Amino acid sequence: MKLIARTHYLNRMIGLKDTPDIKIITGIRRCGKSKLMQAYISYLKEHEKNINVIYVDFMDLRFESLKEYHALHSYVEEHYLAGKMNYLFIDEVQLCPHFELTVNSLYSKLKYDIYLTGSNAFLLSADLATLFTGRYIEIPVFPFSFREYCQYYDEISDQDKLFESYTMQGGLAGAYVYKNERDRVNYIKEVYETIVTRDLVQKYSLPDTLVLQRLSEFLMDNISNLTSPNKVSQQLTVNQTPTNHVTIGKYIKYLCNAFVFYDIKRYDVRGKKYLESLDKFYLCDIGIRYAVLGSRNLDYGRVYENMVCIELLRRGYDVYVGKLYQKEIDFVVQKGNEKIYIQVSDNISNDETFRREYTPLLQIHDAYPKMIIARTRHPRYSYEGIEIYDIADWLLNDAKSAK
């Protein structure tokens with residue numbers, strides 16, 4: 001498989017080098033966590049001289065005997081070298097039961113710079129504070145961005161062609177090696193079904209997967225719609241999958257914990273407060289929707305909104321759905337003192353559609369930037385102080401900035 005340098009994540013890890021925290025690489029299954037760890041190890045060996053790298057990959061049978069936490073602890077201590085900077089990397093750490101006891105013990109010795117990856121369902125963001133008594137930093141990894149997709153297919157110069165294929169294939173790069181579309185789709189479906197029908201069932205001891213599967217498909221089919229557990233449970237029950245809002249609420253949390261969906265809260269722009277009721281849920285990678293649901297009810301406006309949301313999260317923004325009076329603003333995003341209001345659309349060449357997108361933005365009377373991202377196929381331009389971007393161009397922009 002062709003490899004590209006994921007510099008956004010690599011630079012993040014380089015910036016955390018030699019800090020005392022436990023670094024934990026998280027993300028959906030097959031998003032590239034292990035490859036990132038290996039790339040970082042290569043960087044260290046190339047740029048640092050007085051170092052000792054201790055690497056354990058629990059998918060490799062050579063380390064089978066270390067799947068007992070005392071044995072893992074002994075192995076690491078035996079390979080420690082005094083007088084050097086010791087870097088410890090453990091890949092698929094969840095395969096060692098009670099691994100957290102070993103990691104916490106090693107952390108307390110203040111001798112190691114520790115990095116971990118694990119299966120998305122067994123090393124969850126929600127569990128990290130409980131697992132690790134020491135300080136930790138989570139490094140979230142997403143599937144390939146459009147920019148990375150273009151780097152992978154660098155022999156193709158037609159940006160429009162690349163963008164159209166990315167909206168269907170998505171960013172799970174393991175699928176790119178397959179030349180046949182059916183094989184690509186099957187690969188993505190297998191990754192998704194492994195998470196839903198195996199990882200989550202095993203993690204939470206679920207009695208069956210039917211409700212979880214139907215819920216996930218419902219959320220995929222309702223990207224960008226305001227959703228509540230009560231609404232979902234009613235709809236699934238009507239469609240011959242009996243359930244209740246309590247079960248749906250728990251299952252939504254499980255899907256979000258496993259990075260399949262991201263829960264985006266609402267923000268009252270006028271009242272400057274966060275709202276509790278009704279959230280939106282965005283899929284981690286739009287290629288999964290196409291693989292699971294095909295072109296059924298395919299709405300490019302929703303697809304683009306999902307792509308923008310994940311890209312904003314990838315760029316490190318806190319993302320909210322905006323509410324202003326009775327109108328909705330797709331995203332209010334913040335990073336430090338920066339705030340941006342964003343509308344996303346498919347085609348704004350129609351005057352009525354364009355008016356629907358810009359009207360809520362013009363009703364916001366603060367000085368923060370306002371943007372519309374759509375499939376314009378034109379260079380960036382302005383309207384009444386609102387910056388209008390073609391979505392493909394915006395996705396290719398510097399990943400450090402939304403602008």
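This is a walk through the sheets, helices and empty spaces of the structure above.

The model is predicted, with local features needing pLDDT of at least 70 and side-chain atom pairs counting only at pLDDT 80 or more, while totals for chains, interfaces and linings use all residues. Residues are numbered from 1 along each chain as its sequence is written, and side-chain values use heavy atoms, with hydrogens and water left out.

Let us start with the sheets. Helices (H or I, at least four residues) and strands (E, at least two) are DSSP runs, numbered from the N terminus. Two strands pair if DSSP finds at least two bridges between them. One open sheet has five strands in the order E2-E3-E4-E1-E5, with parallel pairing. At its edges stand strand E2 (51-57) and strand E5 (136-140), each of which pairs on one side only. On average, neighbouring strands of this sheet are turned by 15 degrees against each other, direction ignored; axes here are lines fitted to C-alpha atoms (for helices over the stretch in contact), and angles run from 0 to 180 degrees between N-to-C directions. Inside the sheet, strand E1 (residues 22-26) runs parallel to E5 and is joined to E5 by five bridges. To find one of these on screen, look for isoleucine 22, whose bridge partner in E5 is tyrosine 136.

Helices pack on this sheet, and here contact means heavy atoms within 4.5 Å. Helix H2 (residues 33-47) lies across E1, E2, strand E3 (85-91) and strand E4 (112-117), and runs at about 160 degrees to E3. Helix H3 (residues 69-78) also packs on the sheet, where H3 touches E2, E3 and E4, and the direction of H3 makes about 155 degrees with that of E2.

Now move along the chain to another sheet. This open sheet has eight strands in the order E7-E6-E8-E9-E10-E11-E13-E12, with mixed pairing. Strand E7 (273-283) and strand E12 (381-383) stand at the edges with a single partner strand each, so one side of each is left without a neighbour in the sheet. Here neighbouring strands are turned by 35 degrees against each other on average, direction ignored. Strand E6 (residues 261-268) and E7 run antiparallel, joined by seven bridges, and phenylalanine 261 stands opposite leucine 283 in E7.

Which strand does E8 (residues 318-324) join through six bridges? The partner is strand E9 (residues 327-335), and the two run antiparallel. Glycine 322, for example, has isoleucine 329 in E9 as its bridge partner. The hairpin of E8 and E9 has two residues between the strands, and tyrosine 325 there takes a positive phi near 55 degrees. E9 is in turn joined by five bridges to strand E10 (residues 338-344), again in antiparallel fashion. E9 and E10 form a hairpin with two residues between them, and glycine 336 in the turn has a positive phi of about 60 degrees.

Next comes a pair of helices. Two packed helices are described by the angle between their axes and the distance between the axes. For H9 and helix H12 (residues 286-293), the angle is about 115 degrees and the axes lie 10 Å apart. Glu217, Met220 and Asp221 in H9 meet Ile288, Arg289, Val292 and Leu293 in H12.

Finally, let us look at the empty space. Rolling a probe the size of a water molecule over the atoms shows where empty space is left. On a 1 Å grid over the protein atoms alone, a cavity is a set of points where a 1.4 Å probe fits but cannot get out, a pocket is an open set with protein on both sides within 12 Å along at least five of seven lines, and lining residues have an atom within 4 Å of a point. Grid points are joined across faces, edges and corners, and a volume is the space filled by probe spheres set on the points.

The largest pocket holds about 1,000 Å³ of space. Its lining has 37 residues, of which Arg30, Gly32, Lys33, Ser34 and Lys35 lie nearest its centre. H2 gives the most to this lining, with six residues.

The structure also holds three cavities of 30 Å³ or more. The largest cavity has about 90 Å³ of space, and helix H13 (residues 300-314) gives the most to its lining, with five residues. The second largest cavity has a volume of about 50 Å³. Met220 and Asp221 are among the residues that line the second largest cavity, and both also take part in the contact of H9 with H12.
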